[in-house]
Amino acid sequence: MALTLDHLQQREEHWAIVDLVGKGGHIRTVPVPNWVRSELGDWFNAAAIDRGRLFRRVNKVGRTWGDGMTVKAVWHIVKESAKSVGMAKLAPHDLRPCARLCDASGGELEQIQFLLGHVSVQTTERFLGCKQRIRSAVNDRIGIEPNS
């Protein structure tokens, strides 16, 4: 994978992976929660990584070697980890719960769209299973109702 230490930067007082080239060649920035950055810091220290690619191979005695990993190798590790927690068959889109968790915690649709790198908000809505609610419409109680 071509994700390097240089991609991990602070923006607006928050860690992010910047200038990430994603699907369709789109360049985006992905916020990184502080706990993830802390775990990455532990990995960098243990693996003595101070530059170059973030993901490295680890030999049988626990030492890193080489200068990176292929996308296929990372996917293999993810699939093996999924098996160990009872998810025998895993596909990339099975990792969608991130979007739903963000939505359930009050995340704005537009921000979830940015996080997932979707060009179209309709794609994000499909990920979330969004449906318009007429009975409890969002514009029913917006604070401009006349006093009764």
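Start by selecting Ala 73, which you'll find in helix α2, residues 71–84. This is a predicted model, so keep that in mind as you click around. Ala 73 has a relative accessible area of 26%, which makes it partly exposed. Now add Val 121 to the selection and draw a line between the two C-alpha atoms: they are 48 residues apart along the chain and separated by 31 Å.

**Zoom out**

Show the whole chain as a cartoon. How many helices and strands does the chain have? You should get 5 helices and 5 strands. Colour from the N terminus on and read off the elements in order: β-β-β-α-β-β-α-α-α-α.

Next, check the overall dimensions. Along its principal axes, the C-alpha trace spans about 75 × 40 × 30 Å. The radius of gyration is 20 Å, while a compact globule of 148 residues would come in near 15 Å. Buried residues account for 20% of the 148 residues. If you switch on the surface, the accessible area of the chain is about 11600 Å², and 55% of that belongs to carbon and sulfur atoms. For those who like contact maps: take the contacts with a separation of 6 or more, and 28% of them come from residues 24 or more positions apart.

**Into the core**

Now for the inside. Select Leu 3, Leu 5, Leu 8, Ile 17, Val 30, Val 32, Leu 40, Phe 44, Ala 47, Ile 49 and Leu 54 and show them as spheres; these 11 residues form the largest nonpolar core. Which element gives the most to this core? Helix α1, residues 34–47, does, with 3 residues. As background, nonpolar side chains in soluble globular proteins tend to be buried together.

Stay with one member of that set, Leu 5, in the segment before β1. Which residues does Leu 5 touch, once you skip those up to four places away in sequence? The list is Phe 44, Ile 49, Asp 50, Arg 51, Gly 52 and Leu 54. Pick Asp 50 from that list and check the C-alpha distance to Leu 5: 7.4 Å in space, with their positions 45 residues apart in sequence.

**The loop between α1 and β4**

Slide along to Arg 53, in the loop between α1 and β4 (57–58). Is Arg 53 buried, exposed or partly exposed? Arg 53 counts as partly exposed because its relative accessibility is 32%, which falls between the 20% and 50% cut-offs. Add Asp 6 to the view: Arg 53 and Asp 6 sit 47 residues apart in sequence, yet their C-alpha atoms are 8.6 Å apart.

In that loop between α1 and β4 you can also select Ala 48. Look at the backbone here, since phi of Ala 48 is near 55 degrees, a positive value in a residue other than glycine. Most residues other than glycine have a negative phi. Ala 48 is exposed, given its relative accessible area of 64%.

**Another positive phi**

Jump to Glu 13, in the loop between β1 (8–11) and β2 (14–21). Phi of Glu 13 is near 60 degrees, again a positive value in a residue other than glycine. Why does Glu 13 count as exposed? Because its relative accessibility is 79%, and the threshold for exposed is over 50%.

**Charges over rings**

Switch to sticks for two pairs. In one pair, the charged end of Arg 37 sits over the ring of Trp 15, 4.4 Å from the ring's centre. In the other, Arg 57 lies over the face of Trp 65, at 4.1 Å from the ring centre. If you go looking for aromatic pairs as well, the count comes to 0.

**Last stop**

Finish at Cys 130, in the segment after α5 (121–128). Cys 130 is partly exposed, with 39% relative accessibility. For a closing distance, draw a line from Cys 130 to Gly 52: these two are 78 residues apart along the chain, and their C-alpha atoms are separated by 40 Å. Gly 52 is a residue you have already met, as one of the contacts of Leu 5.

Methods
Residues numbered from 1 in each chain as written. Predicted model: local features only at pLDDT ≥ 70, side-chain atom pairs only at ≥ 80, totals over all residues. Heavy atoms only, no water. Core = buried A, V, L, I, M, F, W, Y, C linked by side-chain atoms within 4.5 Å. Buried < 20%, exposed > 50% of the residue type's maximum accessible area, 1.4 Å probe, protein only. Helix = DSSP H or I, 4+ residues; strand = E, 2+ residues; numbered from the N terminus. Contact = heavy atoms within 4.5 Å. Phe/Tyr/Trp six-rings, centres within 6.5 Å; stacked < 30°, edge-to-face > 60°. Lys NZ or Arg CZ within 6 Å of the ring centre and 35° of its normal. Rg over C-alpha atoms; globule rule 2.2 N^0.38 Å. Areas by Shrake-Rupley, 256 points an atom, 1.4 Å probe, with all protein chains shown as cover.
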